[in-house]
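Please take the sequence and the model shown here together, and follow the packing of the chain with both in view.

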Amino acid sequence: QLQLVESGGGLVQPGGSLRLSCAASGSPFDYYAIGWFRQGPGKEREGVSCISRNGGSAMYADSVKDRVTISRDKAKNMVYLQMNSLKPEDTGIYYCAARVMAATEECVALARFWPDWGQGTQVTVSP
């Protein structure tokens, strides 16, 4: 099982940027694809982005495409989510999650398929 700790959330004005970080430990990082999910007030948890085990492929939800970039640093056991042009509807708790996958298998950010979760970091987009 992979232990995950998110950081980097905060309060930002619309149009601003944040970079979220996910630190992984406890198991070989290279075995895992990593995903980012969020849960807004009164909403269900939704997938934002995920990156394959080898970093060769990534997917993005339509709601964040062209505004968000996911990346992973193999040497540091870290995954990042760079978010630009933030909107109030991006407000929520952001979680990173992990699942064991084949090296080149493409990930799908559906929460029910991801067994390991962090505690989340709050992102608030407000004037």
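Is Phe37 buried or exposed, and what is its relative accessible area? Phe37 is buried, because its relative accessible area is 0%, where buried means under 20%, exposed over 50% and partly exposed in between, with a 1.4 Å probe and protein chains only. The model is a predicted one, in which local features need pLDDT of at least 70 and side-chain atom pairs count only at pLDDT 80 or more, while totals for chains, interfaces and linings use all residues. Residues are numbered from 1 along each chain as its sequence is written, and side-chain values use heavy atoms, with hydrogens and water left out.

The largest nonpolar core (a set of buried Ala, Val, Leu, Ile, Met, Phe, Trp, Tyr and Cys residues joined through side-chain atoms within 4.5 Å) has 26 residues, and those with the most contacts inside it include Leu2, Trp36 and Tyr94. Among the elements that give two or more residues to this core are strand 3 (18-25), strand 4 (32-39), strand 9 (92-100) and strand 11 (121-125), strands being DSSP runs of E with at least two residues, numbered from the N terminus. Strand 3 gives the most to this core, with four residues. Phe37 belongs to a second, separate core of eight residues, which also includes Met101, Cys107 and Ala109.

Strand 11 is a useful place to look next. In a regular strand the side chains alternate between the two faces of the sheet. Along strand 11, Thr121, Val123 and Val125 point to one face and are buried, whereas Gln122 and Thr124 point to the other and are not. Strand 11 runs parallel to strand 2 (residues 10-12), to which three bridges join it, and pairing requires that DSSP finds at least two bridges; here Leu11 stands opposite Thr124. Three bridges also join strand 11 to strand 9, and these two run antiparallel, with Tyr94 opposite Thr121.

The aromatic rings complete the picture. Rings of Phe, Tyr and Trp (its six-membered ring) pair if their centres lie within 6.5 Å, and planes under 30 degrees apart count as stacked, over 60 as edge-to-face and the rest as tilted; by this rule there are three aromatic pairs. The rings of Phe37 and Trp117 have centres 4.8 Å apart and planes at 50°, so this pair is tilted. It links Phe37 in strand 4 with Trp117 in strand 10 (residues 116-117), 80 residues apart. Trp117 is partly exposed, because its relative accessible area is 24%. Ring pairs link Phe37, Tyr95, Trp114 and Trp117 into a cluster.
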